[in-house]
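Reader: Hey, got a minute to walk me through this one?

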Amino acid sequence: MSDGYNTQSRMRILDFLKENKDRTVDVNDIRQALDCDVNITTVYRYLDKLTSDGTVMKYVAENGTRAVYQYVDRMRHCEDHLHMQCTKCGAIIHLDCDFMDEFAEHVLKEHGFRIQCRNSIIYGLCEKCANETIS
């Protein structure tokens, strides 16, 4: 796994993830962007490694039938807040406002449930897509 091809492939995968950090991507998005010259097994293995070390977050979408990934900007502390994803354009919105603390406290106090934010996502429409739908 340490030969030049894999190292170059990994750098290209990571660069693609960084360039698209405001949305989730799947394996097909990555392979398409790299002109499919990277073995699919290499992509999956590297995504697993990046997920394990916290470089990317993995979300299981569509009732567990598809996984999507997002590069984690370590300064955003993504494990401490929920994320919202637009089901139309794929944009990711970080719910990293003070409301998160209030919400987590309410859920714990009223429902006895401690929220685990890592890999948690709320689906809906972003403002732009919602406005396009209304028009």
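Author: Sure, here's a quick tour of the fold, the salt bridges and the surface.

Author: First, this is a predicted model, where local features need pLDDT of at least 70, side-chain atom pairs count only at pLDDT 80 or more, and totals for chains, interfaces and linings use all residues. Residues are numbered from 1 along each chain as its sequence is written, and side-chain values use heavy atoms, with hydrogens and water left out.

Reader: Okay, how many helices and strands are there?

Author: Five helices and five strands, running α-α-α-β-β-β-β-α-β-α along the sequence. Both are DSSP runs numbered from the N terminus: H or I with at least four residues for helices, E with at least two for strands.

Reader: What share of the residues is buried?

Author: 36% of the 135 residues. Buried is under 20% relative accessible area, exposed is over 50%, and partly exposed is in between, with a 1.4 Å probe and protein chains only.

Reader: How many salt bridges does the structure hold?

Author: Four, each being a side-chain nitrogen of Lys or Arg within 4 Å of a carboxyl oxygen of Asp or Glu. One of them joins Arg66 and Asp26, at 2.6 Å from N to O. Arg66 sits in strand β2 (residues 66-71) and Asp26 in the loop between α1 (4-19) and α2 (27-33), so this pair ties together parts 40 residues apart in sequence.

Reader: And Asp26, buried or exposed?

Author: Asp26 is buried at 11% relative accessible area, while Arg66 is partly exposed at 31%.

Reader: Which residue does Lys128 pair with?

Author: Glu132, with the closest N and O atoms 3.9 Å apart. They're four residues apart in helix α5 (residues 127-134), which means about one helical turn separates them. Lys88 joins Lys128 and Glu132 in a network of salt bridges.

Reader: Switching topic: which residues gather in the patch of negative charge on the surface?

Author: Glu79, Asp80, Asp98, Asp101, Glu102 and Glu105. Patch members have over 30% relative accessible area and no salt bridge, and like charges are joined within 9 Å. Asp and Glu count as negative, and the charge is placed at CG of Asp or CD of Glu.

Reader: Where is Glu105 found?

Author: In helix α4 (residues 99-111), and Glu105 is exposed at 56% relative accessible area.

Reader: Last one: what about His94, buried or exposed?

Author: His94 is buried, at 14%, and lies in strand β4 (residues 92-95). His94 and Asp22 are 72 residues apart in sequence, with their C-alpha atoms 9.3 Å apart in space.

Terms used:
Patches are made of residues with over 30% relative accessible area and no salt bridge: like charges are joined within 9 Å, nonpolar side chains (Val, Leu, Ile, Met, Phe, Trp, Tyr) within 5 Å. Accessible areas come from the Shrake-Rupley method with a 1.4 Å probe; for residues, only the protein chains shown count as cover.
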